[in-house]
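Could you walk me through this structure in the viewer, one selection at a time? I am new to it and would like to know where to click next.

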Amino acid sequence: MAKKAGKTSKLTRDAILASAVKLADEAGSDSLSMRKLAAALGVEAMSLYNHFANKDALLMGMADWAVGQIPLPNPNGPWQDELRARAHNARAVFRRHPWTIQLMVSLPNTGPNVLAYVEATLAVMTNAGFDLIDADHAWNLMDSHIYGFTLQELNFPFAPEEYAEVTQAYLHLIPADTYPNLRAMAEKVAAREYDGLHNFAQGVELIIAGLEGEV
């Protein structure tokens with residue numbers, strides 16, 4: 001008992017978050033429980049509640065930690081460059097910590113890192129001449145691309161190197177007389193003339209090009 005008490009006395013919010021992130025990286029945030037987290041830390045589960053009121057508070061802390069890994073945009077930089085870098089940096093973090101996106105869209109995240117991230121993004125856009133409402137639409141549009149693209153690539157049932165073989169196996173389900181364009185594209189994938197991979201950067205550039213007409 002004395003050993004556990006000693007561990008509990010040294011328990012910090014940062015240590016709890018680090019362990020929670022590690023567990024979520026290994027098995028996803030859905031599998032995370034206060035009991036499992038406490039066991040990983042070598043403490044009693046009740047000791048975690050001295051730092052987080054409940055599991056949702058822990059999950060919001062994890063989301064805030066993850067967003068803190070994304071470099072903040074420079075409010076005084078060219079908005080196109082800042083929005084572009086923000087998109088690529090966010091995707092890189094979300095790929096390393098795949099559970100983050102679900103937490104970002106399902107919880108009221110108001111941690112300091114999230115607030116600073118949004119504030120810096122709004123500052124980039126408003127300093128460039130967007131009004132606040134258009135700026136809000138702009139960064140949410142980009143985030144929809146970041147979230148959607150990243151979720152798809154993380155959860156797609158086949159690895160890129162399997163696309164050609166899998167497509168070949170499904171060709172009989174795509175008759176050319178009914179789906180001529182889809183069949184033609186599938187044949188290119190099956191023949192390895194087209195890798196079937198979608199381009200994240202292309203989507204980012206299309207969004208930026210569209211926004212340039214709004215400022």
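The expected span of a helix is 1.5 Å times one less than its number of residues. Keep that in mind for the first stop, and remember along the way that this is a predicted model.

**Stop 1: helix H7**

Select residues 112–127, which make up helix H7. From its first C-alpha to its last, this helix of 16 residues reaches 22 Å, close to the expected 22 Å. Now show the side chains of H7 and look for the buried ones: Val114, Tyr117, Ala120, Thr121, Leu122, Ala123, Val124 and Met125. What covers these buried residues? Add helix H4 (55–67), helix H5 (79–96), helix H6 (100–106) and H8 to your selection, since the cover includes these four. Before leaving, step just past the end of H7 to Gly129, where phi is positive, at about 115°.

**Stop 2: the two domains**

Next, colour the chain by its domain assignment, with 13–52 as domain 1 and 75–212 as domain 2. Taken over C-alpha atoms, the centres of domain 1 and domain 2 are 30 Å apart. Four residues from domain 1 and four residues from domain 2 take part in the contact.

**Stop 3: helix H2 and the loop after it**

Click on Ile16, which belongs to helix H2. Is Ile16 buried or exposed? Its relative accessibility is 0%, so Ile16 counts as buried. Setting aside residues up to four places away in sequence, Ile16 touches Leu11, Leu37, Leu41, Leu48, His51, Phe52 and Leu58. Try a distance label on one of these partners: the C-alpha atoms of Ile16 and Phe52 are 9.4 Å apart, although 36 residues separate the two along the chain.

Move on to Ser19, also placed in helix H2. Ser19 has a relative accessible area of 14%, and it counts as buried because the cut-off is under 20%. With residues up to four places away in sequence left out, Ser19 touches Leu37, Ala40 and Leu41.

Now follow the chain into the loop between helix H2 (13–27) and helix H3 (34–41), and pick Ser29 there. With a relative accessibility of 9%, Ser29 is buried. Which residues is Ser29 in contact with, leaving aside its neighbours within four places in sequence? They are Ala24, Lys55, Leu59, Trp99 and Leu103.

**Stop 4: the largest pocket**

Turn on a surface view and find the largest pocket, whose volume is about 610 Å³. To centre your view, select Phe156, Tyr163, Gly196, Leu197 and His198, which lie nearest the pocket's centre among its 20 lining residues. Then bring in helix H8 (132–155), helix H9 (163–170) and helix H10 (180–190), each of which supplies at least two residues of the lining. If you colour the lining by residue type, you will find 14 nonpolar, four polar and two charged residues.

**Stop 5: Arg192**

For the last selection, go to Arg192 in the loop between H10 and helix H11 (200–212). Here the backbone is the thing to look at. Most residues other than glycine have a negative phi. Arg192 is not a glycine, yet its phi is positive, at about 60°. Switch to the surface once again: Arg192 has a relative accessibility of 61%, so it counts as exposed.

How values were computed
Residues are numbered from 1 along each chain as its sequence is written. This is a predicted model: local features need pLDDT of at least 70, side-chain atom pairs count only at pLDDT 80 or more; totals for chains, interfaces and linings use all residues. Side-chain values use heavy atoms; hydrogens and water are left out. On a 1 Å grid over the protein atoms alone, a cavity is a set of points where a 1.4 Å probe fits but cannot get out, and a pocket is an open set with protein on both sides within 12 Å along at least five of seven lines; lining residues have an atom within 4 Å of a point. Grid points are joined across faces, edges and corners, and a volume is the space filled by probe spheres set on the points. Ala, Val, Leu, Ile, Met, Phe, Trp, Tyr, Cys and Pro count as nonpolar, Asp, Glu, Lys and Arg as charged, and the others, Gly among them, as polar. Buried means under 20% relative accessible area, exposed over 50%, partly exposed in between (1.4 Å probe, protein chains only). Contact means heavy atoms within 4.5 Å. Domain bounds come from an automatic or database domain assignment.
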